[in-house]
Amino acid sequence: MATYDGIGATYADTRRPDPRIAARVRRALGSATSVINVGAGGSYEPSYTVLAVEPSSVMIAQRPAGSAPALQASAESIPLADDSADAAMALLTVHHWSDLEAGIGELLRIARQRVVVLTFDPGINHRFWLLEEYLPEAAAFDSTRAVAVDRLAMLLGGARIETVPIPHDCTDGFLAAFWRRPEAYLDPEVRAGISLFAQTGDEVVQQGLARLSDDLTSGRWHRRHADLLDRETLDVGYRLLVADL
């Protein structure tokens, strides 16, 4: 909660749900007609969302008008009855939970039919060029909180795992969304909406960004990553897990 009370103020501007990812989430929810969104602000909530569970008051304050009501609570202890909705979803949030097993247990408890989780595979995500070439210290920190996808699937009782390729013009400004738009990482407003920057020491970040700026100015980045420039999508490790109950 402390992280998002600090960085959540820009989310309405920099973390706008991408319609292609939204379509994947809706398909994953299947035939559910009621869903509880756990720990993701107001992002990607379908029209049949009945409740959002969100620990940060800053994030709750930015929920769009007309969206489902929000309950300020943590994923690890959700004050709802068993089987409260057809489905529960948790998008790009499990790596922030203080007790993963407890949080997953709560998702399984409150959902009747299905649980959907969007996360990232650290083995792939941490090889993303921004982390590998410019911010390896940030990747090392992220490894201390990242959740192995296989472990998460096991905790969910054998969830199926779907790859979510990220479009080059993704509107949701999460960490690897700008894989073909490297200049975006030099924008402090963009970085303000990415939790990894908020949780990495400023000196480390600025040193890495200075190298990136130099490589963009010299053209070195574009020569090194010429293979990315014509790609429409890229697998940077984002995974959708779907568990039927």
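Where does L92 lie? In this predicted model, L92 is in the loop between β4 and α5. L92 is not a glycine, yet its phi is positive, at about 50 degrees. D83 is another residue other than glycine with a positive phi, near 55 degrees, and its place is the loop between β3 (70-71) and β4. Most residues other than glycine have a negative phi. The table sets out both residues.

| Residue | Phi | Loop | Relative accessibility | Class |
|---|---|---|---|---|
| D83 | near 55 degrees | between β3 and β4 | 42% | partly exposed |
| L92 | about 50 degrees | between β4 and α5 | 15% | buried |

The cut-off for buried is under 20% relative accessible area, so L92, at 15%, counts as buried.

**Overall form**

The protein has 13 helices and 9 strands. Its radius of gyration is 18 Å, close to the 18 Å given by the globule rule for 245 residues, so the protein is as compact as a globular protein of that length. The C-alpha trace spans about 60 × 30 × 30 Å along its principal axes. Of the 245 residues, 53% are buried. Among contacts between residues at least 6 apart in sequence, 71% join residues at least 24 apart.

**Helix α5**

Helix α5 covers residues 100-110, and its buried residues are L100, G103, I104, E106, L107 and I110. Viewed down the axis of α5, these buried residues fall within an arc of 155 degrees, so they line one face of the helix. An α-helix has 3.6 residues a turn, so residues three or four places apart point the same way. The buried residues of α5 pack against three strands and one helix: β1 (35-38), β4 (85-91), β5 (111-120) and α9 (149-155). At the N-terminal end, α5 is capped by D99, which has a side-chain oxygen 3.4 Å from the backbone nitrogen of E101.

**Nonpolar cores**

The largest nonpolar core holds 51 residues, of which I21, W129, L130, I166, Y185, L212 and Y238 touch the most other members. Elements that each supply at least two residues of this core include α3 (19-29), β4, β5, α7 (129-134), α12 (202-218) and β9 (238-244). The largest share, 5 residues, comes from α3. Leaving aside residues up to four places away in sequence, L212 touches W129, L130, Y134, P182, Y185, L186 and W221. There is also a second, separate core of 27 residues, with A88, I110, V117 and V149 among them. I110 is also one of the buried residues of α5.

**Aromatic pairs**

The structure contains 7 aromatic pairs. The ring centres of W129 and W221 are 5.1 Å apart and the ring planes stand at 70 degrees, so this pair is edge-to-face. W129 belongs to helix α7 and W221 to helix α13 (residues 220-224), so the pair ties together parts that are 92 residues apart in sequence. Is W129 buried or exposed? W129 is buried, and W221 is buried as well. Both residues belong to one aromatic cluster, together with F128, Y134, F178 and Y185. Four members of that cluster, W129, Y134, Y185 and W221, are also touched by L212.

Methods: Residues are numbered from 1 along each chain as its sequence is written. This is a predicted model: local features need pLDDT of at least 70, side-chain atom pairs count only at pLDDT 80 or more; totals for chains, interfaces and linings use all residues. Side-chain values use heavy atoms; hydrogens and water are left out. Buried means under 20% relative accessible area, exposed over 50%, partly exposed in between (1.4 Å probe, protein chains only). Helices (H or I, at least four residues) and strands (E, at least two) are DSSP runs, numbered from the N terminus. The arc is that of the directions from the helix axis to the C-beta atoms. Contact means heavy atoms within 4.5 Å. A polar contact is a pair of N or O atoms within 3.5 Å; within protein, one must be able to donate a hydrogen and the other to accept it, and residues adjacent in sequence count only if both atoms are side-chain atoms. A nonpolar core is a set of buried Ala, Val, Leu, Ile, Met, Phe, Trp, Tyr and Cys residues joined through side-chain atoms within 4.5 Å. Rings of Phe, Tyr and Trp (its six-membered ring) pair if their centres lie within 6.5 Å; planes under 30 degrees apart count as stacked, over 60 as edge-to-face and the rest as tilted. The radius of gyration is taken over C-alpha atoms; the globule rule is 2.2 Å times the number of residues to the power 0.38.
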